[in-house]
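User: Please walk me through this structure. I would like to know the reason behind each label.

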Amino acid sequence: MSHVYPTLAYLQWDINRVLFEVGPIKIRYYGLFFTAGFICGYLLLRWIFRTEKRNLDDVESLLIYMVLGTIIGARLGHCLFYHPMEYLSDPIRLLQIWNGGLASHGAAVGITLSAWLYSRKHRDQPLLWLLDRLAIPVALAGFFIRIGNFFNSEILGRASDVPWAVVFKDGLGLSPEQKLVPRHPVMLYESLCYGFIFVLLLLVYRKYKERTPRGLLIGLFFITVFTARFVLEFFKLRQAAFAENLPLSVGQMLSIPLVIAGIVFLLYRRPAPPLEEEVALQTPREPAAKA
């Protein structure tokens with residue numbers, strides 16, 4: 001016998017995804033929260049660069065790299081990790097980002113690659129130094145984005161009768177019957193986790209600042225964020241149809257190597273060297289002149 005949920009006892013979530021319209025332009029809640037993540041990240045990076053007496057003009061350039069890395073990586077991650085056959089059979093759909101579909105694991109890869117490209121042009125900001133600093137605003141951005149997912153009624157949780165369960169009356173991908181079922185608001189669970197992780201990383205950075213051991217913050221970030229993601233996947237509906245009957249979800253399988261990477265970063269963290277010494281190590285040596 002199927003369980004009957006008293007849906008009126010739970011929060012009925014049916015908010016319009018569009019906050020307001022200006023002519024043909026629609027301003028959505030998700031877009032506002034996504035943008036808030038980048039704005040707060042930009043302000044945090046300016047504070048970090050100012051604290052460590054780095055060139056503040058570099059923050060604008062770094063932001064461009066991070067925006068492109070996040071969007072491209074998250075989009076490719078969604079298409080190739082969760083719906084590979086659909087998008088490979090019609091590659092032009094990869095570009096249709098307005099139809100939705102971003103993946104945090106892809107964003108992690110995209111941000112890392114963007115940071116590597118950026119650091120190659122800024123020898124005073126080596127990759128590991130940069131990744132440690134970026135971990136702080138990225139965790140905060142995750143907090144905002146998951147709230148945006150809640151407003152979008154997407155990345156839904158499994159059916160539940162916990163007192164705080166939510167009925168997503170316009171849940172993406174649900175049948176009319178499924179839209180009457182109360183569910184775990186798992187995107188809010190995830191948002192809270194990322195908020196706590198942001199505070200943890202910020203406190204660690206405030207303790208050490210420019211003396212932060214190389215690899216410490218990015219190691220903590222990978223371990224905490226993707227362990228939380230692994231655990232919370234048990235409360236989510238499966239997002240990839242091809243993995244419906246597998247013991248682990250796609251999100252969990254992708255989280256495992258990132259947790260391992262975080263452990264490696266922590267195990268091999270090293271004291272922060274003087275800036276001049278680190279720049280010298282990063283700068284290619286000129287070939288010796290021939291006699």
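User: Why is the contact between Arg229 and Glu233 called a salt bridge?

Analyst: The term asks for a side-chain nitrogen of Lys or Arg within 4 Å of a carboxyl oxygen of Asp or Glu. In Arg229 and Glu233, the closest N and O atoms are 2.7 Å apart, so the pair passes the 4 Å test. One thing to know early: this is a predicted model, where local features need pLDDT of at least 70 and side-chain atom pairs count only at pLDDT 80 or more, while totals for chains, interfaces and linings use all residues. Residues are numbered from 1 along each chain as its sequence is written, and side-chain values use heavy atoms, with hydrogens and water left out.

User: What makes Arg229 buried or exposed, and what about Glu233?

Analyst: Relative accessible area decides: under 20% is buried, over 50% is exposed, and in between is partly exposed (1.4 Å probe, protein chains only). Arg229 has 2%, so it counts as buried. Glu233 has 7% and is therefore buried too.

User: Which residues are linked with Arg229 and Glu233 in a network of salt bridges?

Analyst: Arg146, Glu190 and Lys236 belong to that network together with Arg229 and Glu233. In the whole model, the rule gives 8 salt bridges.

User: Why can we say that the salt bridge of Glu52 and Arg133 ties together separate parts of the chain?

Analyst: Start with the distance: the closest N and O atoms of Glu52 and Arg133 are 2.9 Å apart. Glu52 is in the loop between H1 and helix H2 (58-82), while Arg133 is in helix H5, so the bridge joins parts 81 residues apart in sequence. Helices (H or I, at least four residues) and strands (E, at least two) are DSSP runs, numbered from the N terminus. Glu52 and Arg133 are both buried.

User: How do you know whether Asp170 and Lys179 form a salt bridge?

Analyst: Their closest N and O atoms are 3.8 Å apart, and they do form one. For burial, Asp170 has 32% relative accessibility and so counts as partly exposed. Lys179, at 22%, is partly exposed as well.

User: Why is the ring pair of Tyr29 and Phe151 called stacked?

Analyst: Rings of Phe, Tyr and Trp (its six-membered ring) pair if their centres lie within 6.5 Å; planes under 30 degrees apart count as stacked, over 60 as edge-to-face and the rest as tilted. By this rule there are 18 aromatic pairs. For Tyr29 and Phe151, the centres are 4.6 Å apart and the planes are at 25°, so this pair is stacked. Tyr29 is in helix H1 (residues 29-51) and Phe151 in helix H5 (residues 127-152), 122 residues apart, so the pair links distant parts of the chain. With 19% relative accessible area, Tyr29 is buried, and Phe151, with 15%, is buried too.

User: What makes the pair of Phe221 and Phe226 stacked or edge-to-face?

Analyst: The ring centres of Phe221 and Phe226 are 6.5 Å apart and the planes are at 85°, so the pair is edge-to-face. Both of these residues are buried.

User: Which residues form the aromatic cluster with Tyr29 and Phe151?

Analyst: The other members are Trp13, Phe33, Phe150 and Phe168.

User: How do you know that the charged end of Arg54 sits over the ring of Trp129?

Analyst: The rule wants NZ of Lys or CZ of Arg within 6 Å of the ring centre and within 35 degrees of the ring normal. The charged end of Arg54 is 4.2 Å from the centre of the Trp129 ring, so the distance part of the rule is met.

User: What is notable about phi of Ser153, and why is Ser153 called buried?

Analyst: Phi of Ser153 is near 55°, a positive value in a residue other than glycine. Ser153 is in the loop between H5 and strand E4 (166-168). Its relative accessibility is 3%, so it is buried.

User: Where is Lys209 found, and why is Lys209 called partly exposed?

Analyst: Lys209 is in the loop between helix H6 (186-208) and helix H7 (216-232). Its relative accessible area is 34%, so the label is partly exposed. Phi of Lys209 is also positive, near 50°.
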